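Me: Could you walk me through how helices pack and where the open spaces lie in a protein model? I am new to this.

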Amino acid sequence: MNGYNILKVATDKLAAYKNALENIMSEIPYAYLQIVKRRIKRRLVTVKKYFVKGTVKDFPGKSQNTSFIERLNLTLRQHISYLQRKTLGYCKNKLNFSNVMWINLFNYNYIQFHKSLRIRINNENEKFIKKYNHNTPAMQMGLTNSPLNWRYLITVPIPCK
C-alpha cells in the first residue's frame, strides 16, 4: 500500500468500527489502526497500537492518534443535544437524528471557519490590514471557493437515489 493514496482510519478497539469498515470500504483502499488505552483510576497506564490493515509506514509522523476524530466527536456532542452524555435530550426518531446530524456536518464543513485552516497573507503588524484568509474544511479541500450559507443548503436540490 502507498501511504499517501489511501484513507487512514484510527479508532479505539470497538468491534463495530472494524465491522463497518469491512462492510462499507470493501472497494476503497484504506489502512486501519486501532489504538487501545488502558486506564486505572483515571490514569493512563498503557497505550497499545494494533495495525489491523496496513503497516507503520501507512501512518507517518503524528497520524497514529485518535485526537482528530475525538475533537470532532466533542464538537458534535456540544452542538447536538441528542449526542450529549447523561441528558434527557435523547432522540426517539432515527430520521430526526440523521437530519440534525447532516445539518451540523454541513455547518461544520461548509459554513464555519476553522482557525487552524487560516492562511497568513500579510506579515505586517499594522492594525487594520487583513492578515489572514480564513477557510472552511471544504474550501481547504478544494470543494468550494468560498463558504456556503444556509440559503444554499435549503434551496439546492438534493439528488435522490
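Here are some questions and answers about this predicted model.

Me: How do the axes of helix α2 and helix α3 cross, as a class of angle?
Reply: Two packed helices are described by the angle between their axes and the distance between the axes. Here α2 covers residues 67-79 and α3 covers residues 94-111, and their axes come within 11 Å and cross at roughly 120°. Angles of 65 to 115 degrees count as roughly perpendicular and those over 145 as roughly antiparallel. The angle of roughly 120° therefore makes the pair oblique.

Me: Which residues of α3 meet α2?
Reply: Let's begin on the other side of the contact. From α2 come L72, T75, L76 and H79. Their partners in α3 are M101, N104, L105 and Y108.

Me: How many nonpolar, polar and charged residues are in the contact of α2 with α3?
Reply: Leu, Met and Tyr count as nonpolar, while residues such as Thr, His and Asn fall among the polar ones. With L72, L76, M101, L105 and Y108 on the nonpolar side, the contact has five nonpolar, three polar and no charged residues.

Me: Is the crossing of α2 and α3 left-handed or right-handed?
Reply: Handedness is a separate part of the description. For α2 and α3, the crossing is right-handed.

Me: Which residues are the closest to the centre of the largest pocket?
Reply: This pocket has a volume of about 830 Å³, and 20 residues line it. β1 (7-11), α1 (15-24) and α2 each supply at least two residues of that lining. By class, the lining has twelve nonpolar, five polar and three charged residues. The closest to the centre are K8, V9, A10, T11 and I69.

Me: Which element gives the most to the lining of the second largest pocket?
Reply: About 450 Å³ of space lies in this pocket, and among its 14 lining residues the closest to the centre are F68, L72, Y108, H114 and P137. At least two lining residues each come from α2, α3, β4 (114-120) and α4 (137-141). With five residues, the element that gives the most is α2.

Me: Which elements give two or more residues to the lining of the largest cavity?
Reply: The count comes to one cavity of 30 Å³ or more, and about 40 Å³ of space lies in the largest cavity. T75, L76, H79, N104, N107, Y108 and Q112 line this cavity, with two nonpolar, five polar and no charged residues. The elements that give two or more of them are α2 and α3.

Terms used. Residues numbered from 1 in each chain as written. Predicted model: local features only at pLDDT ≥ 70, side-chain atom pairs only at ≥ 80, totals over all residues. Heavy atoms only, no water. Axes fitted to C-alpha atoms, helices over the stretch in contact; angles between N-to-C directions. Helix = DSSP H or I, 4+ residues; strand = E, 2+ residues; numbered from the N terminus. Parallel < 35°, antiparallel > 145°, perpendicular 65-115°, else oblique. Left-handed = near helix turned anticlockwise from the far one by under 90°. Contact = heavy atoms within 4.5 Å. 1 Å grid on protein atoms, 1.4 Å probe; cavity = no way out; pocket = protein on both sides within 12 Å on 5 of 7 lines; lining within 4 Å. Points joined across faces, edges and corners; volume = space filled by probe spheres on them.
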